[in-house]
Amino acid sequence: MATTVTITGAGGQIGYALLFRIAAGDLLGNDKPVRLRLLEIPEGMKAAEGAAMELQDCAFPLLEHVEVSDDPAVAFDGCEHALLVGARPRGPGMERADLLAANGGIFAPQGRAIAGHAASGVRITVVGNPANTNALIAAAAADGLPAERFSALTRLDENRARGLLADALHVPVGSVHRLPIWGNHSATQYPDISHATVGGRRALDILRERFDDVRHWLDQTFIPRVAQRGAEIISVRGSSSVASAASATLDHVRDWTTGTRDWTSAAVVSRGEYGVPEGLVCSFPVRAVDGRWEVIEGLELSSWARARIDASVAELVAEREAVRSLGFA
Ligand code: NAD
Ligand code: LMR
């Protein structure tokens with residue numbers, strides 16, 4: 001029996017990078033047939049239809065069916081994984097409130113359509129920015145669906161952090177573990193190196209051998225570089241991250257579904273862990289067990305780490321207030 005996966009914004013850049021990997025088995029496994037539903041707005045339909053034609057031309061053995069629609073009720077019908085990628089980017093002259101209002105107009109109806117039409121066990125991953133607050137809006141609109149079925153992507157930030165640390169220490173990225181992201185998928189995020197290990201050793205011990213002042217390196221180099229990596233990619237490539245965002249989305253959904261042995265990062269609906277206000281969609285260190293994200297609890301946080309997390313959480317609170325004042329969430 002094929003699994004139905006719905007991708008919104010499927011005619012866009014990340015959609016194009018995601019579709020072929022999903023059809024090749026990179027999301028569900030190389031023995032799991034998949035049915036793809038591509039949701040676009042009318043302006044994006046041609047691009048999505050073209051991608052659907054190319055999918056057919058790849059003759060992927062696992063791909064059972066592709067359907068393109070601009071109707072959320074059709075696109076989310078029976079879906080087991082919803083990847084919400086399509087979002088309204090900030091345009092010239094747009095204020096933050098305009099962006100939140102535009103995205104409220106996308107993610108609230110999509111949340112309702114998912115609640116009304118998706119499979120009962122659906123899991124929803126939000127990629128479109130501002131990802132945390134878009135997930136909050138969709139979850140609030142999805143009457144009857146447990147909030148824990150929604151999460152937003154911060155795995156790209158974690159992958160970036162692991163890659164940048166590996167580069168700084170001249171080690172393979174596969175040797176870097178436990179480097180979770182806290183807070184918002186934004187410049188306020190906190191990549192937390194305090195529990196990280198490199199080749200089985202504490203990363204902080206290795207960093208102390210390399211740098212005279214590790215705190216200064218974290219504050220001035222590592223954390224800003226991770227948090228601003230999206231902007232750095234935009235300035236170098238001329239457009240925002242695409243293949244790395246798609247790859248992190250696959251990592252996120254695959255781990256959520258199949259489980260993790262170790263920690264990773266995901267923005268999940270807070271139940272008050274670490275004092276984060278209930279209901280905010282906040283990134284935490286998590287593991288996936290039996291198809292659910294579990295926040296890793298009981299970690300000690302220095303006052304320096306706490307201040308960074310608090311600043312990112314304050315930004316999420318402000319975003320929630322802004323969308324509430326617009327009637328969403
Ligand atoms: P893009 O502009 O190439 O594609 C977006 C697509 O979404 C377009 O084809 C557009 O027609 C479609 N769309 C807009 N509104 C829609 C709606 N209501 N329903 C269905 N489709 C809709 O953008 P992209 O490069 O693919 O990026 C998509 C989003 O992902 C952006 O918001 C971007 O900022 C975000 N992003 C997030 C992360 C992350 O780590 N969370 C990383 C990279 C990019
Ligand atoms: C990213 O992190 O690459 C995306 O969120 C795009 C951006 O605007 O930074």
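Strand 14 (292-295) gives the largest share of the lining of the second largest pocket, namely 4 residues. The model is a predicted one, and the pocket holds about 370 Å³ of space. Both domain 1 (3-152) and domain 2 (155-320) give residues to the lining of this pocket, so the pocket lies between them. The points below begin with this pocket and then turn to the domains, the cavity, helix 5, the nonpolar core and some individual residues.

**The second largest pocket**

- The lining of the second largest pocket consists of 16 residues.
- Glu148, Arg149, Arg271, Arg292 and Trp293 are the lining residues that lie nearest the centre of the pocket.
- Two elements, strand 12 (264-269) and strand 14 (292-295), give two or more residues each to this lining.
- Sorted by class, the lining of the second largest pocket contains 7 charged, 6 nonpolar and 3 polar residues.

**The two domains**

- The domain assignment divides the chain into domain 1 (3-152) and domain 2 (155-320).
- A distance of 24 Å separates the C-alpha centres of domain 1 and domain 2.
- On the side of domain 1, 28 residues take part in the contact, and on the side of domain 2, 32 residues do so.

**The largest cavity**

- Rolling a probe the size of a water molecule over the atoms reveals where empty space remains.
- In this model the count comes to 1 cavity of 30 Å³ or more.
- The largest cavity holds about 30 Å³ of space.
- Its lining is formed by Asn132, Thr133, Leu136, Leu280, Val281, Leu316 and Arg320.
- By class, these lining residues of the largest cavity are 4 nonpolar, 2 polar and 1 charged.
- Domain 1 (3-152) and domain 2 (155-320) each provide at least three residues of the lining of the largest cavity.
- Helix 5 (131-141) and helix 11 (303-325) each contribute at least two residues to the lining of the largest cavity.
- Helix 5 gives the most to this lining, with 3 residues.

**Helix 5 and the loop before it**

- Of the 11 residues of helix 5, 10 are buried, so this helix is largely enclosed by the rest of the structure.
- The buried residues of helix 5 are Ala131, Asn132, Thr133, Asn134, Ala135, Leu136, Ile137, Ala138, Ala139 and Ala141.
- Among them, Asn132, Thr133 and Leu136 also belong to the lining of the largest cavity.
- Proline 130 is located in the loop between strand 5 (123-126) and helix 5.
- Asparagine 129 and proline 130 are joined by a cis peptide bond, for which omega is about -5°.

**The largest nonpolar core**

- The largest nonpolar core has 43 residues, and the members that touch the most other members are Leu165, Leu179, Ile193, Leu207, Leu218, Phe222 and Phe284.
- At least two residues of this core come from each of helix 6, strand 8 (181-182), helix 7 (203-210), helix 8 (214-227), strand 12, strand 13 (281-289), strand 14 and helix 11.
- Helix 8 supplies the largest share of this core, 6 residues.
- Apart from residues up to four places away in sequence, leucine 165 touches Val176, Leu179, Ile193, Val198, Ala203, Leu207, Trp217 and Phe222.

**Serine 175**

- Serine 175 is placed in the loop between helix 6 (155-169) and strand 7 (176-177).
- The relative accessibility of serine 175 is 16%, and serine 175 therefore counts as buried, the limit being under 20%.
- If its neighbours within four places in sequence are left aside, serine 175 is in contact with Thr197, Val198 and Gly199.
- Val198 is also one of the residues that leucine 165 touches.

**Two residues with positive phi**

- Tyrosine 274 has a positive phi of about 55°, although this residue is not a glycine.
- Tyrosine 274 lies in the loop between strand 12 and strand 13.
- With a relative accessibility of 15%, tyrosine 274 counts as buried.
- Aspartate 290, a residue other than glycine, has a positive phi near 50°.
- Aspartate 290 is found in the loop between strand 13 and strand 14.
- Aspartate 290 has a relative accessible area of 74% and is therefore exposed, the limit being over 50%.

Terms used
Residues numbered from 1 in each chain as written. Chains lettered and ligands numbered in written order. Predicted model: local features only at pLDDT ≥ 70, side-chain atom pairs only at ≥ 80, totals over all residues. Heavy atoms only, no water. Buried < 20%, exposed > 50% of the residue type's maximum accessible area, 1.4 Å probe, protein only. Contact = heavy atoms within 4.5 Å. 1 Å grid on protein atoms, 1.4 Å probe; cavity = no way out; pocket = protein on both sides within 12 Å on 5 of 7 lines; lining within 4 Å. Points joined across faces, edges and corners; volume = space filled by probe spheres on them. Nonpolar A, V, L, I, M, F, W, Y, C, P; charged D, E, K, R; others polar. Domains from an automatic or database assignment. Core = buried A, V, L, I, M, F, W, Y, C linked by side-chain atoms within 4.5 Å.
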